[in-house]
Structures are given as structure tokens and as C-alpha cells.
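Welcome! Here is a short tour for anyone opening this structure for the first time. Please take a look at the sequence and the model before reading on.

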Amino acid sequence: MSDIPHYSPQTESIYRRPLTAARRMLVIYAHPDDEAFGNAGIILAARHAGIEVHYICATRGECGTVDAHYLTTYPDVRALRTAEQMAAADALDLGAVHFLNYRDSNMPGSPDNQNPQALVQAPVGDVATRVATLIDDIKPEFVITFPPYGGYGHPDHIAIHHATLAALAQTTWQVPNLFYSTFSTTLLRAIILLMRVIGRNPRAFGRNGDIDVVRVAEEATPITTTVDCRHVIPAKITAWQCHASQGGGMTRVPRIFWRWFYGNETLTRITPPATGRREVLRFAV
Ligand SMILES: [Zn+2]
């Protein structure tokens, strides 16, 4: 590890190889695991087509809930999740991970929101300038980030969404393709219905009861674009498993259903705007 202090406003770029590929993708999220749980298939499909992929990770996921046994060989959650991220970088064959070194802000209402090092405490312009510098350096053909609600409302997801949009407004490099990650809400809407039937509150979901599943379904941006990931499913699962402390080891779907559950990933096209017909994004030229 480098000698950059924790929570410095200095970007720590960890390269796995020099940036020489002609075609590049930049994935911009908040935590170690967002890239794999959200877009492992897309990243691997892009790599398969020879596209270099870099990940800007705004925090080290310090506030992630972690079972104690994961910490036996690490001093803290930050170190554990940084190690998990770099293992995932190997599994996804990322060219580099760029840590912005903000602190995880945790879910709304947590005292971690108020930590002066938290991503949500950083002026959006400051974060944007740092993201813009990386965009101008990497010159990606594709950028993927969170939609406005950040998937499930995590303050860091929302913060990095706004910072990315502000960054794109100030870069010299004009990113030709901007996408938000998104997902089908069909299964989610069935779960909401089921929860109501059995008397559970879908607005207080998850381990800590802090996820509003109704809002998650309402705020999901439309699917405009699908990426075929069938050829990378085993590698995708390997990447998830690198984030074991965050549940990445959980692959309960029987293998015969993998192609159905894991065979494609979805996006919302922002730039250039979607045409109205759903596109299948093929990376090969
Ligand atoms: Zn996250």
C-alpha cells in the first residue's frame, strides 16, 4: 500500500497495467463491491472485447456491516474492503482502481453522515474536479455511474452520481456514451406484493431496516440497454465472491438458472439519449 494518509483529498490510483488500450470504459461508484455487484458482467464483457476498464471508487466502504471473522487478518473494515476490492480487480481484470479516499457516509441518519471526511460532507464541486481529472486522463468511450437515487438511496451513491454529472460538465474529453446502472423491477414488485401479503413493511427492508423497497422500485431508471453476459457468468460469480464480507459468497441460485438470472445486465442510456427502442450493447467493433 502507498503512504497516502487515510481520508486525504488525494486520489490513490492502483494500476494493474499501463493504460495503452485504444478503447476504455470508466465505472464510477462509491464503495468496494458496487462495481462487482452492479456491473461485473458488463465489465467482463467489455474486457472480453479488449476494452480497458478502470474503476473510480470514492470510499473504502468503512461503514459496511462485516461479520467479525472477516477481520481476523485485517486491522479494520477499511483494510479488509480495500483488499477485497483489489482481489475483485484481479477477477474483473481491471486496468486500475482509483480510490478517491473519502470516508463511507453510511445510510441516512447514521452519525457517520456527519463525519467531516465523509463523501457526503465533501463539496460536490471538489469531488467533481477530481473525477474530471481522471476522465480527462483516461478518456473513456463508456462511463457508467449510479442513477439519481443510487439504486437503493445510499447517500454515497447519490453523492457520486451528482459528482460524476458535474465532472462531465467540465471535462475536456467529451464522453461519447454515458449510462446509469439499472435493473428490472419485475421481481422487486412481486416481492413488495408478497411482503404486504405477509404483513411485512417493504419500506423498512434489509438487515438494518433502512431500505425502502417501494421507493427503490419507483426510482429505478428505465432499461434502455442490455448487455449479454452469458459468456462471462463464472467469472462474474468469482468477482462477487471477492467481496465476501458483503455477502458476495452468496450464490444460492442453482446453476441451471444462472443464464436466466445472471445472463444479462441492464443500463439506462443517458448520452446520447436512448432512441426509444431497447438496444443490445455489443462491445465488439
Ligand atoms: Zn455502495
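## Two domains and where they meet

In this report, two residues are in contact when heavy atoms of theirs lie within 4.5 Å. Please keep in mind that you are looking at a predicted model.

The chain is split into two parts: domain 1 covers 12-183 + 222-280, and domain 2 covers 184-219. Their centres, taken over C-alpha atoms, are 24 Å apart. How many residues of each domain are in contact with the other? Nine residues of domain 1 touch 11 residues of domain 2.

Together, the two domains bury about 890 Å² between them, and 61% of that area is on carbon and sulfur atoms. The side of domain 1 that touches domain 2 is made up of five nonpolar, three polar and one charged residues. Between the domains there are zero salt bridges, and the count of residue pairs in polar contact, with both at pLDDT 80 or more, is also zero.

## Asp33, ahead of a helix

Let us go to Asp33, which sits in the loop between strand E2 (24-29) and helix H1 (34-48). Is Asp33 buried or exposed? Its relative accessibility is 8%, so Asp33 counts as buried, the cut-off for buried being under 20%.

Which residues does Asp33 touch, beyond those up to four places away in sequence? They are Gly38, Arg81, Gln85, His243 and Gln246. With Arg81 there is also a polar contact, in which the two side chains come to 3.0 Å.

## Asn177 and a cis peptide bond

Next comes Asn177, a residue of strand E6 (residues 177-182). Asn177 counts as buried because its relative accessibility is 13%. Its side chain makes a polar contact of 2.9 Å with the side chain of Arg269.

Not counting residues up to four places away in sequence, Asn177 touches Glu141, Phe142, Val143, Arg269, Thr271 and Pro272. Two of these names, Thr271 and Pro272, deserve another look: the peptide bond from Thr271 to Pro272 is cis, with omega near -15°. Pro272 itself belongs to the loop between strand E8 (264-271) and strand E9 (279-280).

## Asp210, in a loop of domain 2

Where is Asp210 found? Look in the loop between helix H5 (186-197) and helix H6 (213-219). Asp210 has a relative accessible area of 31%, so it is partly exposed.

Leaving aside neighbours within four places in sequence, Asp210 is in contact with Met107 and Phe205. You can also compare its position with that of Tyr152: the two residues are 58 apart in sequence, and their C-alpha atoms are 9.5 Å apart in space.

## Two residues with positive phi

Finally, here are two backbone details to look for. Asp93 has a positive phi of about 55° although it is not a glycine. Asp93 lies in the loop between helix H2 (77-92) and strand E4 (96-102), and with 26% relative accessibility it counts as partly exposed.

Asn106, which is also not a glycine, has a positive phi near 65°. To find Asn106, follow the chain to the loop between E4 and helix H3 (124-138).

Methods:
Residues are numbered from 1 along each chain as its sequence is written. This is a predicted model: local features need pLDDT of at least 70, side-chain atom pairs count only at pLDDT 80 or more; totals for chains, interfaces and linings use all residues. Side-chain values use heavy atoms; hydrogens and water are left out. Domain bounds come from an automatic or database domain assignment. Buried area is the accessible area (1.4 Å probe) that two parts lose on being put together, summed over both. A salt bridge is a side-chain nitrogen of Lys or Arg within 4 Å of a carboxyl oxygen of Asp or Glu. A polar contact is a pair of N or O atoms within 3.5 Å; within protein, one must be able to donate a hydrogen and the other to accept it, and residues adjacent in sequence count only if both atoms are side-chain atoms. Ala, Val, Leu, Ile, Met, Phe, Trp, Tyr, Cys and Pro count as nonpolar, Asp, Glu, Lys and Arg as charged, and the others, Gly among them, as polar. Helices (H or I, at least four residues) and strands (E, at least two) are DSSP runs, numbered from the N terminus. Buried means under 20% relative accessible area, exposed over 50%, partly exposed in between (1.4 Å probe, protein chains only).
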